[in-house]
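These are my notebook entries from a first look around a structure that was new to me. Come along and look things up with me.

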Amino acid sequence: MIIPKESHLTPEQETELEAIASEGGIKLMKITGETRQIFLMIGDERNEEMVSRITGLDYIDRVDMVMDPYRLMSRTSGLAGHKVRLNGKIVGDGFTVIAGQCTIDPKNPNYFFETAQAVKEAGADCLRGGVWKPRTSPYAFQGDVKSLEILMGAKARTGLPVDTEVMDPEQLDAVLQHDVDVLQIGTRNALNYGLLKEVGRKIRGRKTAVLLKRSMHMGKIEEFIMAAEYVVAQGNPNIMLCPRGTTPAMDGYRNHPDECIAPLLKERTWAPVVVDPSHSVGKASYVPFACMAAASYGADGIIVETHVSPRHGIGDDPKQAVTPDTLARIIRDCRAIAAMQKSHMGHLHVTAHG
Ligand code: PEP
Ligand code: MN
């Protein structure tokens, strides 16, 4: 990984750097973070002669060899200071909340508009709404492109940034045309490397962010972080990691709750962790506790299915959406817990080093 001295190289410097790399059999991928650009070396970066030629350039600060398999996502990567923002606000500052319906019902857009306004009033930072849905049965409601207009209408009314899931290149093009703020990659596609690459490539140079769910099969933590690496390696590091429960489920729960991996993820990577308690526990009455658990494990935020009238919802909403008044209490309590968690971390830090 090549770290320049200044935040950006001039076009002439970039051309020179590329030429040296190419002579050494290396391809460069430019990753544009919030404050700086870094260059990922693709190929055998142990070519000592090439590395010393690059290190010798007066506009290059250093060439780092990152030992983790996830070179960009690693805490030791040149991207470690990168911040992901939603509507200009750093994800994690003040505990970020994404909330809204699992599924937008194209036949009842008013429910979504009411939900959007209500989650805003409850204090959410971003609105979620499922346009297309990954369903176990091919005969179940698969979503409807009409719901994309409803989602954008709710964004215009509330001013909240919006999140929706994409599952294929056609959906990806549609959401990018509408400038959807957060592209959700669901648990079923979390290891669909073709889609991960395509999403990464299409959001290069844009402010768009990705919320990557953890694959539901209890894979290794590396597998999750490497999936994020696929997206980020295409040039846009605006990624959030989303534990959402794994399978086999804990008896009686929808999945096996995994908000406890937040500290582990934060130790290994710089990316914000946004936990999905709704799909993890799968039952509205358990959701507030799972949200608070996520906050106490040090998550940067949560994504919570919320509906003004869950029993009139479709998809997951009747069983696991909370109402906006419950959401308001969740947000109040999670923000208080997040502040306590930070002071506890500060204490641990002092005792560990002092
Ligand atoms: C969802 O967010 O509604 C959803 C389908 O999520 P997951 O991919 O985690 O199942
Ligand atoms: Mn859902």
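The entries below go from the metal site and its bound neighbour to a helix and a few backbone details.

**Entry 1: the metal**

I began by reminding myself that this is a predicted model. Then I looked up which protein atoms hold the manganese ion (ligand 2). I found four donor residues listed: Cys102 through SG, His279 through NE2, Glu305 through OE and Asp316 through OD. Their distances from the ion run from 2.1 to 2.5 Å. I also noted the spacing of these donors along the sequence, which reads C-x176-H-x25-E-x10-D. Glu305 and Asp316 are 11 residues apart; I placed Glu305 in strand 14 (residues 301-305) and Asp316 in the loop between strand 14 and helix 11 (317-320).

Are these two donors buried or exposed? I looked up Glu305 and found it buried, with a relative accessible area of 0%. Asp316 counts as buried too, because its relative accessible area is 12%, and the cut-off for buried is under 20%.

**Entry 2: around Glu305**

I stayed with Glu305 to see what it touches. Leaving out neighbours within four places in sequence, I found it in contact with several residues, including Gly100, Arg128, Ser278, Asp317, Gln320, Ala321 and Val322. The metal donors Cys102, His279 and Asp316 are on that contact list as well. I also picked up a polar contact between the side chains of Glu305 and Arg128, at 3.3 Å. For a sense of scale, I looked up Arg53: it is 252 residues from Glu305 in sequence, and the two C-alpha atoms are 53 Å apart in space.

**Entry 3: ligand 1**

Next I turned to ligand 1. Which residues come nearest to it? There are 13 residues around ligand 1, and I noted Lys133, Gln184, Thr187, Lys213 and Arg244 as the nearest. I sorted the shell by type and got two nonpolar, four polar and seven charged residues.

I then went through some distances to oxygen atoms of ligand 1. An N or O atom in the side chain of Arg244 is 2.7 Å from one such oxygen. For Arg128, a polar side-chain atom lies 2.9 Å from an oxygen of the ligand. Glu305 turned up here again, with a polar side-chain atom 3.2 Å from an oxygen of ligand 1. Taken alone, ligand 1 exposes 300 Å², and I saw that the protein buries 98% of that.

**Entry 4: Thr115**

I looked up Thr115 and found it in helix 3 (residues 109-122). Thr115 is buried, at 0% relative accessibility. A polar atom of its side chain lies 3.2 Å from the backbone nitrogen of Val308. Not counting residues up to four places away in sequence, I found that Thr115 touches Gly100, Gln101, Thr306, His307 and Val308.

**Entry 5: helix 5**

What covers the buried residues of helix 5? I first listed those residues: in helix 5 (residues 169-177), Gln171, Leu172, Ala174, Val175 and Leu176 are buried. Their cover includes helix 4 (146-158), strand 9 (162-165), strand 10 (182-185) and helix 6 (193-202).

I checked the ends of helix 5 too. At the N-terminal end, Asp168 acts as a cap, with a side-chain oxygen 3.1 Å from the backbone nitrogen of Glu170. Just after the helix, I noted that Asp179 takes a positive phi of about 60°.

**Entry 6: backbone details**

I kept a last page for unusual backbone angles, with one reminder to myself: most residues other than glycine have a negative phi, and most peptide bonds are trans.

Asn87 has a positive phi of about 50° although it is not a glycine. I found Asn87 in the loop between strand 5 (85-86) and strand 6 (89-90), and it is exposed, with a relative accessible area of 56%.

Phe95 also has a positive phi, near 60°. It sits in the loop between strand 6 and strand 7 (96-101). Phe95 counts as buried, at 2% relative accessibility.

Finally, I looked up a cis peptide bond, which joins Thr247 and Pro248 with omega at about 5°. Pro248 belongs to the loop between strand 12 (239-242) and helix 8 (262-268).

Notes
Residues are numbered from 1 along each chain as its sequence is written. Chains are lettered from A and ligands numbered from 1 in the order in which they are written. This is a predicted model: local features need pLDDT of at least 70, side-chain atom pairs count only at pLDDT 80 or more; totals for chains, interfaces and linings use all residues. Side-chain values use heavy atoms; hydrogens and water are left out. Donors are N, O and S atoms within 2.8 Å of the metal (3.2 Å for Na, K and Ca); water is not among the atoms, so sites may look incomplete. Helices (H or I, at least four residues) and strands (E, at least two) are DSSP runs, numbered from the N terminus. Buried means under 20% relative accessible area, exposed over 50%, partly exposed in between (1.4 Å probe, protein chains only). A residue is near a molecule or strand if one of its heavy atoms lies within 4 Å of it. A polar contact is a pair of N or O atoms within 3.5 Å; within protein, one must be able to donate a hydrogen and the other to accept it, and residues adjacent in sequence count only if both atoms are side-chain atoms. Accessible areas come from the Shrake-Rupley method with a 1.4 Å probe; for residues, only the protein chains shown count as cover. Ala, Val, Leu, Ile, Met, Phe, Trp, Tyr, Cys and Pro count as nonpolar, Asp, Glu, Lys and Arg as charged, and the others, Gly among them, as polar. Contact means heavy atoms within 4.5 Å.
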